[in-house]
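Here are a few short exercises to help you find your way around a new structure. Try each task by yourself before reading the steps of its solution.

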Amino acid sequence: MALDKPYKNVPGTTIYDAEQARKGYHLNQFAMSLMKPENRVRFLADQAAYLDEWPLNPRQRQAVLDMDMNTMIDEGGNIYFLAKIGATHGMSFQQMAGSMTGMSEAAYRDMMVGGGRRPEGNRLKDLDGWTPPAPGEKADTLRPNAPAKYTSALFTSHVPAIGAAMDLGKTEEPYWKKVFDGYQWTRKWAKEQKPDVVILVYNDHATAFDASIIPTFVLGTGADYPVADEGYGPRPVPGVKGYPELAAHIAQSVIQDDFDLTLVNEMVVDHGLTVPLSLVFGEIGPDEQWPVKVIPLAVNVVQYPVPSGRRCYELGRALRRALDKWDGEELNVQIWGTGGMSHQLQGPRAGLINEEWDNAFLDHLIEDPLGLTEWQHMEYVDEAGSEGIELVDWLIARGAMDDQFGGEAPEMNHRFYHVPASNTAVGHLVLSNPVGKTTIADDEAGVAEPAESVLAPEPAETAAVANA
Ligand code: DHB
Ligand code: FE
């Protein structure tokens, strides 16, 4: 079920897609650097020395020195980026385009003056009878035996103070122990499950994105994501490794499925992404590696308008259709939804916690996700607080599960709720699709007893902690 990329066969044409963009990333970024006049001067003074500053492969480097634009395009260059190189050499777009046709500059100009290149014989339809496909059907059923298996969904709050408690060795303090106890089961489970890749849905907190650009849904298609410095210095945890091939595949499928994602090859990741990794995988030092590849999926909840729960759920469904189409290596995939639960970090209502609403949200997420999509945005802000709206992130992971495609309902492996961590109610849930169903043997799981952890905390206990 390879993705439909008929554009690969258009004659004399290289389409710049996520795959090409990845290949040409440094080449295009080098070209962009020539937007600055001082860089153009340095480049023209000593091209080889300037190129030493960019990690180009030998073929890319030689193509730049030779001004061989066909090779640059083949190597992932995009014409609008490469045009900065041409412009630096004083070339017009007509000279650049003509240079790739095998024609002399004069012959190309004369062809254009004469009406341009005719399409006949230069079209896919003329060469192999190809006709445009009818609009694609959206799959409503699962692909049996798909190589990428969505085994489990994991949901968790991502309070930065939780990361700080780990980084500063405070996890045994009574206040924090109550939080970390809720993740003991999960840490053992995660070690057993060994996911290959986590699609980690979170929200950036004015860290990678500022007020200049506000993308609604960001898919990380890069290979590495450094840990952000949010003002306290970067957390002492490893940088995150991406999975560019799978991310490019997801981008291709999800955008063709009518979701306008923003693709980002280079960004830092903040507590929204690193705290869940720490909660699940425990203390891992900056010189070690996280045990999974991560594809970040960031949802804007900073500046309104923000996406609805329904939209997030639908994105989850598109994500599952993408996973089902993957024809690469066998993969154990988890999707995590992070953020929430109820909290408000601003104004006179700061400190808002809504235990009843949070637990109703968890109940519906487990049993009735489609019903949950009816909850309007105002319901989230009013009941869960201005920052509790992060909970829409969770619907993406849930919308992708088997039972939303006619499969079996997920197994509920673990449920935890606790107030507070900093300003926030901590919620945590693990749900598994039939393929990911698991029982951790008691001896292996040590102290963890899922049967107990699935119970919501006694209200009195929660109140006592909240008042402490
Ligand atoms: C807190 C919670 C968050 O989700 C966040 O992004 C920042 C702060 C808090 O409770 O302090
Ligand atoms: Fe947050």
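K194 is exposed, with 61% relative accessible area, since buried means under 20%, exposed over 50% and partly exposed in between, using a 1.4 Å probe and protein chains only. This is a predicted model, in which local features need pLDDT of at least 70, side-chain atom pairs count only at pLDDT 80 or more, and totals for chains, interfaces and linings use all residues. Residues are numbered from 1 along each chain as its sequence is written, chains are lettered from A and ligands numbered from 1 in the order in which they are written, and side-chain values use heavy atoms, with hydrogens and water left out.

**Exercise 1. Backbone surprises**

Task: find where K194 and S422 sit, and what the phi of each is.

Solution. Start with a general rule: most residues other than glycine have a negative phi, and most peptide bonds are trans. K194 is not a glycine, yet its phi is positive, about 45 degrees. Its place is the loop between α13 (184-193) and β2 (197-202); helices (H or I, at least four residues) and strands (E, at least two) are DSSP runs, numbered from the N terminus. Next, S422 has a positive phi of about 60 degrees, again without being a glycine. S422 lies in the loop between β9 (411-421) and β10 (424-432) and is partly exposed at 36% relative accessible area.

Now turn to the peptide bonds. Y304 and P305 are joined by a cis bond with omega about 5 degrees, and P305 belongs to the loop between β7 (293-299) and α16 (309-325). G340 and M341 are also joined by a cis bond, with omega about -5 degrees; M341 is in the loop between β8 (331-338) and α17.

**Exercise 2. Two helices that cross**

Task: work out how α11 and α15 cross, and which residues meet there.

Solution. First, take the axes, which are lines fitted to C-alpha atoms, for helices over the stretch in contact, with angles from 0 to 180 degrees between N-to-C directions. The axes of α11 (residues 160-167) and α15 (residues 271-281) come within 9 Å and cross at roughly 50 degrees. That makes α11 oblique to α15, because angles under 35 degrees count as roughly parallel, over 145 as roughly antiparallel, 65 to 115 as roughly perpendicular and the rest as oblique. Finally, look for contacts (heavy atoms within 4.5 Å): P160, I162, G163 and M166 of α11 meet H271, V275, S278 and L279 of α15.

**Exercise 3. Following the rings**

Task: start from W357 and find which rings it is linked with in a cluster.

Solution. Rings of Phe, Tyr and Trp (its six-membered ring) pair if their centres lie within 6.5 Å; planes under 30 degrees apart count as stacked, over 60 as edge-to-face and the rest as tilted. By this rule there are 19 aromatic pairs. In one of them, the centres of W357 and F361 are 5.7 Å apart and their planes are at 25 degrees, so the pair is stacked. Both residues lie in α17 (residues 355-367), four residues apart, about one turn of the helix. W357 is buried at 6% relative accessibility, and F361 is buried at 0%.

From F361, step to W394: this pair is edge-to-face, with 5.9 Å centre to centre and 75 degrees between the planes. W394 is in α20 (residues 392-399), so the pair ties together parts that are 33 residues apart in sequence. Ring pairs link F155, W357, F361, W375, Y380 and W394 into a cluster.
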